[in-house]
Amino acid sequence: MNILLDVNALVPAILGALLGGLLSWVVVTKSALRTAAEQNAAHLAALDAEREKLNQRHADQLRALDLRHEDQLKKVESPLTVTVHPFVDAAEDKGMFKKSTTLEVGYKYQLMVQGIPCMEPHRVVVETQTKVELDDQAIKAFSEKALALAEAAAQIKSGGAGALISVAKTVVLGRK
């Protein structure tokens with residue numbers, strides 16, 4: 001069989017096939033774009049909900065901070081206050097012959113601005129007491145050593161005239 005193809009019959013068939021394919025492609029693409037747009041809209045809605053939730057949490061935190069600040073201001077009757085603390089300071093000084101303890105009794109006060117310390121505290125000493133304890137054993141040991149050194153010096157310095165120099169047996173205590 002010999003089939004003659006008529007060009008006039010072939011063109012509409014090709015055009016129909018092309019137009020059908022193009023139309024199918026447009027429908028599929030439009031459906032994909034619609035699905036992408038719906039997903040994008042859902043994502044934007046989720047982001048808006050999250051942003052609103054974060055804004056609400058931030059606003060709640062600011063409100064709580066303001067309430068705490070107001071409570072602190074209510075507790076402080078005046079923005080300027082003075083805080084007074086009593087004190088007892090003890091200082092010990094250990095020397096070779098004596099041990100002294102000094103006690104200072106007084107108070108210190110400090111300016112506060114809305115409960116926050118301002119400048120250094122000021123100390124006022126009302127009473128000072130000092131207690132001194134002498135170490136009798138150390139004084140006796142050094143007195144004996146001083147006596148021995150004085151006798152040795154008299155022996156060395158006198159040479160042959162030892163009878164002219166006498167060393168006293170009592171130690172003279174000096175004070176400064």
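This passage describes the fold of a predicted model, moving from the whole chain to its sheet and then to one residue within that sheet.

The chain contains two helices and three strands, and a reader following the sequence meets them in the pattern α-β-β-β-α. Confidence in the prediction averages a pLDDT of 81 over the chain, with 81% of the residues at 70 or more. Among the elements, strand β2 (residues 98–113) has the highest mean pLDDT, 89, whereas helix α2 (residues 136–158) has the lowest, 74. As a general caution, predicted coordinates should not be read in detail where pLDDT is low.

Some totals help to set the scene. Of the 176 residues in the chain, 5% count as buried. The accessible surface comes to about 15400 Å², and carbon and sulfur atoms account for 62% of that area. When contacts between residues at least 6 apart in sequence are considered, 46% of them join residues at least 24 apart.

The strands come together in an open sheet, in the order β1-β2-β3, with antiparallel pairing. Strands β1 (80–94) and β3 (116–134) lie at the edges, each pairing on one side only. Direction ignored, neighbouring strands of this sheet are turned against each other by 15° on average. In general, the strands of a sheet pair through backbone hydrogen bonds, in either a parallel or an antiparallel manner.

The pairing of β1 with β2 can be followed residue by residue. These two strands form a hairpin, with three residues between them, and 15 bridges join the antiparallel pair. Lys94 is found opposite Lys99 of β2, while Ala90 faces Leu103 of β2 across the pairing.

Strand β2 also holds Ser100, a residue worth a visit in the structure above. Ser100 counts as buried because its relative accessible area is 11%, under the 20% cut-off. Beyond its neighbours within four places in sequence, Ser100 is in contact with Ala91, Glu92 and Asp93, as well as with Thr130, Lys131 and Val132. Ala91, Glu92 and Asp93 fall within the range of β1 (80–94), and Thr130, Lys131 and Val132 within that of β3 (116–134). The contacts of Ser100 thus fit the order β1-β2-β3 of the sheet.

Conventions
Residues numbered from 1 in each chain as written. Predicted model: local features only at pLDDT ≥ 70, side-chain atom pairs only at ≥ 80, totals over all residues. Heavy atoms only, no water. pLDDT = per-residue confidence, 0-100. Helix = DSSP H or I, 4+ residues; strand = E, 2+ residues; numbered from the N terminus. Buried < 20%, exposed > 50% of the residue type's maximum accessible area, 1.4 Å probe, protein only. Contact = heavy atoms within 4.5 Å. Pairing = 2+ DSSP bridges. Axes fitted to C-alpha atoms, helices over the stretch in contact; angles between N-to-C directions. Areas by Shrake-Rupley, 256 points an atom, 1.4 Å probe, with all protein chains shown as cover.
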